[in-house]
Amino acid sequence: MLHIGCHLSAAKGYLAMGREAVSIGANTFQFFTRNPRGGSAKAVDERDVAAYLAFAEENGIGQVVAHAPYTLNGCSADPAVRDFATRTMRDDLQRLELLPGSLYNFHPGSHVGQGAERGIELVADMLNQVLWPGMRTTVLLETMAGKGSELGRSFEELRAIIDRVALKEQLGICLDTCHVHDAGYDIVNDLDGVLGELDRVVGLARVKAVHVNDSKNPMGAHKDRHEKIGLGAIGTDALVRVITHPALRTLPFCLETPNELDGYAAEIRLLKARAEEA
Ligand code: FE
Ligand code: FE
Ligand code: ZN
């Protein structure tokens with residue numbers, strides 16, 4: 001069965017997200033661990049978490065994806081920014097132990113003039129500080145479009161980060177269709193070739209989640225502007241091939257398209273129907 005959902009607001013808590021997911025036909029979802037621009041997280045309401053876990057069990061909601069705030073930049077040149085990133089990630093990961101078996105996705109960050117090599121070292125240092133043996137969350141590095149000095153623009157950069165982390169078993173990759181397309185990987189005409197390359201460089205077993213987005217820009221544009229499914233340069237057919245691909249189809253798929261809830265519900269219906277036909 002397809003494991004599909006979308007990004008939801010965490011403002012009303014976990015149970016509210018679970019209900020919202022079910023209301024739009026989703027069986028997974030993604031949420032920000034705190035305001036996407038950073039700041040402190042709300043205190044964890046353990047009753048809300050317990051109610052959510054029971055609701056998720058009853059309604060067949062599977063593994064969910066927590067997304068770190070965009071301001072988290074573990075490879076900044078500014079030690080204060082790096083320190084904020086490390087503290088935020090550690091705090092997020094400690095909270096997520098309440099939702100055992102979840103995924104925690106983050107953007108590797110922007111090295112801003114220091115060079116990718118230094119950026120890779122800094123992100124790996126952060127991960128080595130915040131991961132602990134036996135933690136129940138898998139931390140995902142998101143594939144990035146390569147806007148500005150963004151790290152994670154190539155599979156090789158992600159591999160280089162993973163190589164430097166001691167607790168590799170806690171790490172995975174989140175494949176964002178808009179980002180890899182904008183980074184220059186031809187998932188429209190050669191999905192098998194792209195996944196073959198990902199397998200050679202990182203290993204497909206590391207891919208733990210997929211962000212399903214169309215793109216407003218042509219392949220290789222390094223822009224990162226998400227588009228609604230079918231209205232962009234990737235198109236519905238190519239995205240259906242992603243969600244039905246034998247190497248990916250059991251993963252959680254999260255839409256991050258520019259939509260309100262009704263738009264998400266329609267895209268989930270469409271992709272479910274197309275996946276069934278395929
Ligand atoms: Fe993201
Ligand atoms: Fe994404
Ligand atoms: Zn994006």
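**Exercise 1. Place glutamate 97 in the chain, state whether glutamate 97 is buried or exposed, and list what glutamate 97 touches.**

Step 1. Glutamate 97 sits in the loop between α3 (79-96) and β4 (103-106). Helices (H or I, at least four residues) and strands (E, at least two) are DSSP runs, numbered from the N terminus.

Step 2. The relative accessibility of glutamate 97 is 18%, so glutamate 97 counts as buried. Buried means under 20% relative accessible area, exposed over 50%, and partly exposed in between (1.4 Å probe, protein chains only).

Step 3. Not counting residues up to four places away in sequence, glutamate 97 touches Trp132, Met135, Arg136 and Thr137. Contact means heavy atoms within 4.5 Å.

A note on the model: the structure is predicted, local features need pLDDT of at least 70, side-chain atom pairs count only at pLDDT 80 or more, and totals for chains, interfaces and linings use all residues. Residues are numbered from 1 along each chain as its sequence is written, chains are lettered from A and ligands numbered from 1 in the order in which they are written, and side-chain values use heavy atoms, with hydrogens and water left out.

**Exercise 2. Describe the protein chain as a whole: its elements, its radius of gyration and its buried share.**

Step 1. The protein chain has nine helices and 10 strands.

Step 2. For 278 residues, a compact globule would have a radius of gyration near 19 Å; the protein chain has 18 Å, which agrees. This radius is taken over C-alpha atoms, and the globule rule is 2.2 Å times the number of residues to the power 0.38.

Step 3. Along the principal axes, the C-alpha atoms fill a box of roughly 50 × 50 × 30 Å.

Step 4. Of the 278 residues, 55% count as buried.

Step 5. Among contacts between residues at least 6 apart in sequence, 76% join residues at least 24 apart.

**Exercise 3. Identify the protein donors of the iron ion (ligand 1) and locate the histidines among them.**

Step 1. The protein donors are His67 (NE2), His107 (NE2) and Glu142 (OE), lying 2.2 to 2.3 Å from the iron ion (ligand 1). Donors are N, O and S atoms within 2.8 Å of the metal (3.2 Å for Na, K and Ca); water is not among the atoms, so sites may look incomplete.

Step 2. Along the chain, the donors of the iron ion (ligand 1) follow the spacing H-x39-H-x34-E.

Step 3. Histidine 67 is in strand β3 (residues 65-67) and histidine 107 in the loop between β4 and α4 (116-130), so the pair ties together parts that are 40 residues apart in sequence.

Step 4. Histidine 67 counts as buried at 1% relative accessibility, and histidine 107 is also buried, with a relative accessible area of 16%.

Step 5. The iron ion (ligand 1) and the iron ion (ligand 2) are 3.3 Å apart, and glutamate 142 coordinates both.

**Exercise 4. Do the corresponding analysis for the zinc ion (ligand 3), and give the distance from the zinc ion (ligand 3) to the iron ion (ligand 1).**

Step 1. His179 (NE2), Asp224 (OD) and His226 (NE2) are the protein donors of the zinc ion (ligand 3), at 2.0 to 2.2 Å.

Step 2. Their spacing in sequence is H-x44-D-x1-H.

Step 3. Histidine 179 in helix α6 (residues 177-183) and histidine 226 in strand β9 (residues 226-227) are 47 residues apart, and the pair links distant parts of the chain.

Step 4. Histidine 179 counts as buried at 1% relative accessibility; histidine 226 counts as buried at 19%.

Step 5. The zinc ion (ligand 3) and the iron ion (ligand 1) are separated by 5.3 Å.

**Exercise 5. Compare the settings of aspartate 224 and valine 112, each with a positive phi.**

Step 1. Most residues other than glycine have a negative phi.

Step 2. Aspartate 224, not a glycine, has a positive phi of about 70°. Aspartate 224 lies in the loop between β8 and β9 and counts as buried at 17% relative accessibility.

Step 3. Valine 112, also not a glycine, has a positive phi of about 40°. Valine 112 lies in the loop between β4 and α4 and is exposed, with a relative accessible area of 58%.

**Exercise 6. State which residues of helix α8 are buried and which elements they pack against.**

Step 1. In helix α8 (residues 236-244), the buried residues are Thr236, Ala238, Leu239, Val240, Val242 and Ile243.

Step 2. The buried residues of α8 pack against α6, α7 (191-201), β7 (207-212), β8 (214-215), β10 (252-255) and α9 (261-277).
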